[in-house]
Amino acid sequence: MPLPAVTTNVVDMTTSASLPAETTPQASSGGSVTDRLVAANREYAAEFTDPGMDARPVLHVAVVACMDARLDLHKALGLELGDCHTIRNAGGVVTDDTIRSLTISQRALGTRTVILIHHTGCGLESLTEDFRHELEDEVGQRPAWAVEAFRDVDQDVRQSMQRVRTNPFLPHRDDVRGFVFDVHTGLLREIDPAS
Ligand SMILES: [Zn+2]
């Protein structure tokens, strides 16, 4: 059932107006996409029962993956609520901030396994480090972060595995495996770290 429209101060960017109405049955007329998600949350919460879990992932695993919208990690890996930590960013890159999360995941919350997932058709394959220079030209300030663009997804998975395996902050560096998710078939392909 449609929920009452939410009063909001957010400027209407007409984002939800561009979505096909037949595929957005929960959309409240005229609401932003965020309004729609908040409405969906009310329905979720109405059915929600507290599972009584603590914060430690049941499977003691942390998954580092690209933020790509076509990758549904829980469905693709058969994961249930509470099973794992998911750490996502553009590319599924092992950045300093990824290491920050993994360090907390392992040292404070008991994970011991790391799974790295890149995917076919990643947006980072079409970027280069020139992106940073273009940003600098446009805004007058060069970002401190690297774009972490790549040409060879297999090699980038290997580099990510290597970054985890050599990081001194992580106490558990033996059980690290890397994969490429095929967005067309839904299958994972494992990457041999030694190739
Ligand atoms: Zn990606």
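Helices here are DSSP runs of H or I with at least four residues, and strands are runs of E with at least two, both numbered from the N terminus. With that in hand, E148 can be placed in the loop between α4 (130-139) and α5. What you have above is a predicted model, so here is a friendly tour of its layout, its core, its strand pairing and two loop residues with a positive phi.

**Overall layout**

- The protein chain contains five helices and five strands.
- Followed along the sequence, these elements come in the order α-β-α-β-α-β-α-α-β-β.
- Of the 195 residues in the protein chain, 23% are buried.
- Among contacts with a separation of 6 or more, 60% link residues that are 24 or more positions apart.

**The largest nonpolar core**

- In soluble globular proteins, nonpolar side chains tend to be buried together.
- The largest nonpolar core in this model has 27 residues, and the members that touch the most others are A62, V64, V114, L116, I117 and V164.
- Two or more residues each come from β1 (61-66), β2 (84-89), β3 (113-119), α5 (153-165) and β4 (176-181).
- The top contributor to this core is β1, which supplies five residues.
- A62 is worth a click in your viewer: beyond its neighbours within four places in sequence, A62 is in contact with C84, H85, I87, L102, S105, T111 and V114.

**Strands side by side**

- β3 is mostly covered, with five of its seven residues buried.
- β1 and β3 run parallel and are joined by five bridges.
- Within β3, V114 is the residue that stands opposite A62, and V114 also appears among the contacts of A62.
- β3 is also joined to β4 by six bridges, and these two strands run parallel.
- In that pairing, H119 stands opposite F181 in β4.

**Two residues with positive phi**

- Most residues other than glycine have a negative phi.
- H60 has a phi near 55°, a positive value in a residue other than glycine.
- The place to look for H60 is the loop between α1 (33-47) and β1.
- H60 has 18 other C-beta atoms within 10 Å, so this residue is partly exposed; a buried residue would need 20 or more, and an exposed one would have 12 or fewer.
- E148 is the other case, with a phi near 65°, again positive in a residue other than glycine.
- E148 counts as partly exposed because it has 18 C-beta neighbours inside 10 Å.

Conventions
Residues are numbered from 1 along each chain as its sequence is written. This is a predicted model: local features need pLDDT of at least 70, side-chain atom pairs count only at pLDDT 80 or more; totals for chains, interfaces and linings use all residues. A nonpolar core is a set of buried Ala, Val, Leu, Ile, Met, Phe, Trp, Tyr and Cys residues joined through C-beta atoms within 7 Å. Two residues are in contact if their C-beta atoms, placed from the backbone, lie within 7 Å. Two strands pair if DSSP finds at least two bridges between them.
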